[in-house]
Amino acid sequence: MNAIAAMTTIDQAQLLPLVTAPLPIATACRALGISRATWYRYQNGQAQIHQVVVKSEQADTVPVKSEQADTVPVKSEQADTVPVKSEQADTEPVKSEQADTEPVKSEQADTEPVKSEQADTEPVKSEQAERVGPRALSPDERQAVREVLYSERFVDHAPAEVYATLLDEGVYLCSIRTMYRLLKEESSSGERRRQASHPAYARPELLATRPNELWSWDITKLRGEIKGSYFHLYVILDVFSRYTVGWMVASHESAVLAEQLIAESAFKQGISTGQLTLHADRGSSMRSKPVALLLEDLGITKTHSRPHVSNDNPFSESAFKTLKYRPSFPARFASIEEARAFCVEFFGWYNQEHHHGGLALLTPSMVHHGQASSVIAARNATLAVAFALHPERFAKGLPVHPRVPDAVWINPPVLALVLDSALPAVTDDKCRVSLEAKRV
């Protein structure tokens with residue numbers, strides 16, 4: 001209050017020079033004996049008075065404007081009434097008291113002690129964050145649960161299995177969700193059960209360039225008269241010529257019967273040791289020990305498809321489709337004799353009469369018994385006669401019969417596919433022979 005009383009006794013003539021003078025605030029406050037807060041409060045009010053005084057002085061220095069000011073008494077009266085604001089400023093001790101009671105703001109502007117106090121109170125917040133609820137497990141209990149989950153007994157068990165097993169033994173550690181939460185903290189909440197590991201099966205890449213070099217065999221089911229009864233058809237197919245070298249219809253699937261069929265087919269075709277590769281899927285009969293021992297005795301190499309990959313045995317699957325899509329194929333066979341009779345007719349037609357699209361429209365028997373060249377030559381002669389009679393009907397010139405593929409693949413490698421696509425565009429004979437050698 002002493003500072004306020006001292007301030008009210010200061011004359012405007014003494015205050016204005018201090019306000020307008022370029023003096024430090026501390027020096028002006030010491031000269032007046034007041035605080036900085038009081039200085040800031042009164043400085044705003046006296047600045048308005050100072051602006052009015054400056055305007056009146058400028059009006060005195062400009063004679064023309066002063067004459068205009070004399071003709072406008074209203075403005076002069078308003079100028080005379082401006083000092084009333086100074087009286088209001090002098091009669092506002094309440095605001096000055098508020099200014100005296102706010103030294104904290106100035107101190108915050110200079111030293112900012114409040115922020116430092118807030119910084120000191122931050123550890124209290126961290127302590128609150130570390131507080132846990134009454135239902136939470138203690139660190140010792142959490143460690144005990146982890147030890148149980150990672151024990152040799154439960155290391156590969158799901159939390160639900162651990163929870164149920166312990167309950168049956170009269171032990172309760174925590175809920176299933178808590179077990180998952182503890183495992184997630186250590187990045188162990190994934191699959192905990194032991195998983196079967198399957199070996200990496202190689203992709204079979206088999207090549208046939210002549211008959212009796214690569215065989216493929218498989219077993220398919222033929223429906224019997226009674227629902228749920230089947231007859232089993234065993235078929236051995238030459239991959240290069242698509243010729244059926246052996247087939248058999250049996251009432252059941254047996255490795256002994258498969259062994260017998262393979263042995264008879266190999267004897268009929270005159271297979272020598274190391275000449276043949278026999279490919280099949282992964283059925284029980286195909287992987288049986290009797291069949292494996294037989295093939296080893298005969299010197300026949302065996303290969304198998306990858307599990308659940310039908311494309312690894314495409315030629316047998318294609319032959320079975322041709323069989324079951326024949327118009328004469330019945331929905332059911334009344335007896336095994338009827339099934340055998342149908343197969344005799346079908347395989348006779350398939351080998352001798354069926355013009356195969358993959359064999360340049362030759363029959364499997366022609367290709368298998370080496371008659372392809374003579375048949376193709378005869379067909380080319382017929383095409384030449386037709387061209388001579390009506391050449392205008394052949395826009396591309398003399399027609400030429402396509403030839404039988406030189407190689408047949410099961411899962412051809414990428415290089416073979418590239419070379420096959422490049423061969424038709426090659427005209428040089430030496431380059432073509434080189435590419436064909438690389439493809440083989």
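The legends below describe close-up views of one predicted protein model.

Residue numbers start at 1 in each chain and follow the sequence as written, and side-chain values rest on heavy atoms, without hydrogens or water. In this predicted model, local features need pLDDT of at least 70 and side-chain atom pairs count only at pLDDT 80 or more, while totals for chains, interfaces and linings use all residues.

**View 1. The whole protein has 22 helices and 7 strands.**
Helices (H or I, at least four residues) and strands (E, at least two) are DSSP runs, numbered from the N terminus. Of the 440 residues, 31% are buried. Buried means under 20% relative accessible area, exposed means over 50%, and partly exposed lies in between (1.4 Å probe, protein chains only). The protein exposes about 27,800 Å². Carbon and sulfur atoms supply 55% of that area. Accessible areas come from the Shrake-Rupley method with a 1.4 Å probe; for residues, only the protein chains shown count as cover. Among contacts with a separation of 6 or more, 60% join residues 24 or more positions apart. A contact means heavy atoms within 4.5 Å.

**View 2. Five strands form an open sheet in the order β4-β3-β2-β5-β6.**
The pairing is mixed. The edges are β4 (244–250) and β6 (301–304), each paired on one side only. From one strand to the next, the twist averages 20 degrees. Two strands pair if DSSP finds at least two bridges between them. Strands of a sheet pair through backbone hydrogen bonds, either parallel or antiparallel.

**View 3. Strand β2 is mostly covered.**
Of its 10 residues, 8 are buried. β2 and β3 run antiparallel and are joined by 9 bridges. Here I219 stands opposite Y234 of β3. The two strands form a hairpin, with 6 residues between them. In the turn, G228 has a positive phi of about 95 degrees. β2 also runs parallel to β5, with 3 bridges between them.

**View 4. Strand β5 (residues 277–280) runs parallel to β6 and is joined to it by 4 bridges.**
Follow H279 first. Its bridge partner in β6 is T303, and H279 is also the partner of S216. Next comes L278. This residue is the bridge partner of W215, and L278 has K302 as its partner in β6. T277 and H279 point one way from β5, and L278 and A280 point the other way. All of these β5 residues are buried.

**View 5. Helices α17 and α18 meet the strands.**
Helix α17 (residues 314–324) packs on the sheet and touches β2 (214–223) and β3 (230–238). The directions of α17 and β2 make an angle of about 40 degrees. Helix α18 (residues 336–352) lies across β2, β3 and β4. Its direction runs at about 170 degrees to β4. Axes are lines fitted to C-alpha atoms, for helices over the stretch in contact, and angles run from 0 to 180 degrees between N-to-C directions.

**View 6. Aromatic rings gather into a cluster.**
The whole structure holds 11 aromatic pairs. F342 and F346 form a stacked pair, because their ring centres are 6.5 Å apart and their planes lie at 10 degrees. Rings of Phe, Tyr and Trp (its six-membered ring) pair if their centres lie within 6.5 Å; planes under 30 degrees apart count as stacked, over 60 as edge-to-face and the rest as tilted. Both F342 and F346 belong to helix α18, 4 residues apart, about one turn of the helix. Both are buried. Ring pairs link a cluster whose members include W247, F329, F333 and W349, along with F342 and F346.

**View 7. R326 is found in the loop between α17 and α18.**
Its relative accessibility is 28%, so R326 counts as partly exposed. Leaving aside neighbours within four places in sequence, R326 is in contact with F346 and W349. R326 and F346 are 20 residues apart in sequence. Their C-alpha atoms are 8.8 Å apart in space.

**View 8. Two lysines lie over tyrosine rings.**
K221 lies over the face of Y230, at 5.4 Å from the ring centre. The charged end of K321 sits over the ring of Y325, 5.4 Å from its centre. A charge sits over a ring if NZ of Lys or CZ of Arg is within 6 Å of the ring centre and within 35 degrees of the ring normal.
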